[in-house]
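Visitor: I have a model on my screen and would like to learn to read its features one by one. Could you walk me through it?

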Amino acid sequence: MYQLLDYFPAASTGGAGRTFSMRFGIVGQAWRTGASQRKQGIQPGDQHVVIEWGMLPEESAAAGYGKRSFAAALLQDDALTVGVFYLDSPDPDAFGEEMICAIEQCAKKVGLTAALAELERVMRARGPALSIFDA
């Protein structure tokens with residue numbers, strides 16, 4: 001998976017252009033299961049993070065420093081998963097099911113999911129620009 005945008009607010013550490021394994025974190029769990037995910041009240045080193053999100057205790061402490069709630073809203077165009085909208089917060093009860101549904105619906109309404117589906121289609125058609133054999 002590829003991070004398209006920097007984190008918000010702008011004072012954050014950036015992030016656009018990074019890649020992530022779909023086997024890692026709440027974002028990977030949403031991608032693998034095909035369903036939006038949310039988890040609230042996480043403590044540093046929480047076993048849920050280690051068991052369910054595939055992170056080592058040290059990774060969970062570093063990635064979730066100061067955060068207590070996490071959410072990953074799955075963005076789908078028809079049956080095609082095209083992205084994940086990630087959120088985190090220091091508030092232990094930050095994200096309700098209504099917020100996840102609103103993100104999914106708004107992404108469709110404003111055309112984000114359709115644009116991501118088109119981007120994926122264009123990228124797949126181009127393929128990698130690598131030559132395996134000399135001509």
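Guide: Gladly! Let's begin with a term: a salt bridge is a side-chain nitrogen of Lys or Arg within 4 Å of a carboxyl oxygen of Asp or Glu. Here, glutamate 97 and arginine 38 form one, with an N to O distance of 3.4 Å. This pair links distant parts of the chain: glutamate 97 is in helix α4 (residues 97–109) and arginine 38 in strand β1 (residues 37–39), 59 residues apart. Please keep in mind that this is a predicted model, where local features need pLDDT of at least 70 and side-chain atom pairs count only at pLDDT 80 or more, while totals for chains, interfaces and linings use all residues. Residues are numbered from 1 along each chain as its sequence is written, and side-chain values use heavy atoms, with hydrogens and water left out.

Visitor: How many salt bridges does the structure hold?

Guide: Three. Besides the one just described, arginine 121 meets glutamate 118 at 2.6 Å, N to O, and glutamate 120 meets arginine 124 at 2.9 Å, N to O. Arginine 121 and glutamate 118 are separated by about one helical turn because they are three residues apart in helix α5 (residues 112–126). Glutamate 120 and arginine 124 also lie in helix α5, four residues apart, about one turn of the helix.

Visitor: How are those helices and strands assigned, and in what pattern do they follow along the sequence?

Guide: They are DSSP runs, numbered from the N terminus: helices are H or I with at least four residues, strands are E with at least two. The protein has five helices and three strands, in the order α-β-α-α-β-β-α-α.

Visitor: Is glutamate 120 buried or exposed?

Guide: The general rule comes with a 1.4 Å probe and protein chains only: buried means under 20% relative accessible area, exposed over 50%, and partly exposed in between. Glutamate 120 has 19% relative accessibility, so it counts as buried. Its partner arginine 124 is exposed, because its relative accessible area is 66%. In the pair you met at the start, glutamate 97 is partly exposed at 41%, and arginine 38 is partly exposed at 35%. Across the protein, buried residues make up 26% of the 135 residues.

Visitor: What does serine 69 touch?

Guide: Contact means heavy atoms within 4.5 Å. Serine 69, in strand β2 (residues 69–77), is buried, since its relative accessible area is 0%. Not counting residues up to four places away in sequence, it touches several residues, including Lys39, Gln40, Leu87, Asp91 and Phe95.

Visitor: And which backbone atoms does the side chain of serine 69 reach?

Guide: Those are polar contacts: pairs of N or O atoms within 3.5 Å; within protein, one must be able to donate a hydrogen and the other to accept it, and residues adjacent in sequence count only if both atoms are side-chain atoms. A polar atom of the serine 69 side chain lies 2.6 Å from the backbone oxygen of aspartate 91, and the side chain also reaches the backbone nitrogen of aspartate 93 at 3.5 Å.

Visitor: Where is leucine 80, and what does it touch?

Guide: Leucine 80 lies in strand β3 (residues 80–89) and touches Leu75, Ala117 and Glu120, leaving out residues up to four places away in sequence. At 39% relative accessibility, leucine 80 is partly exposed.
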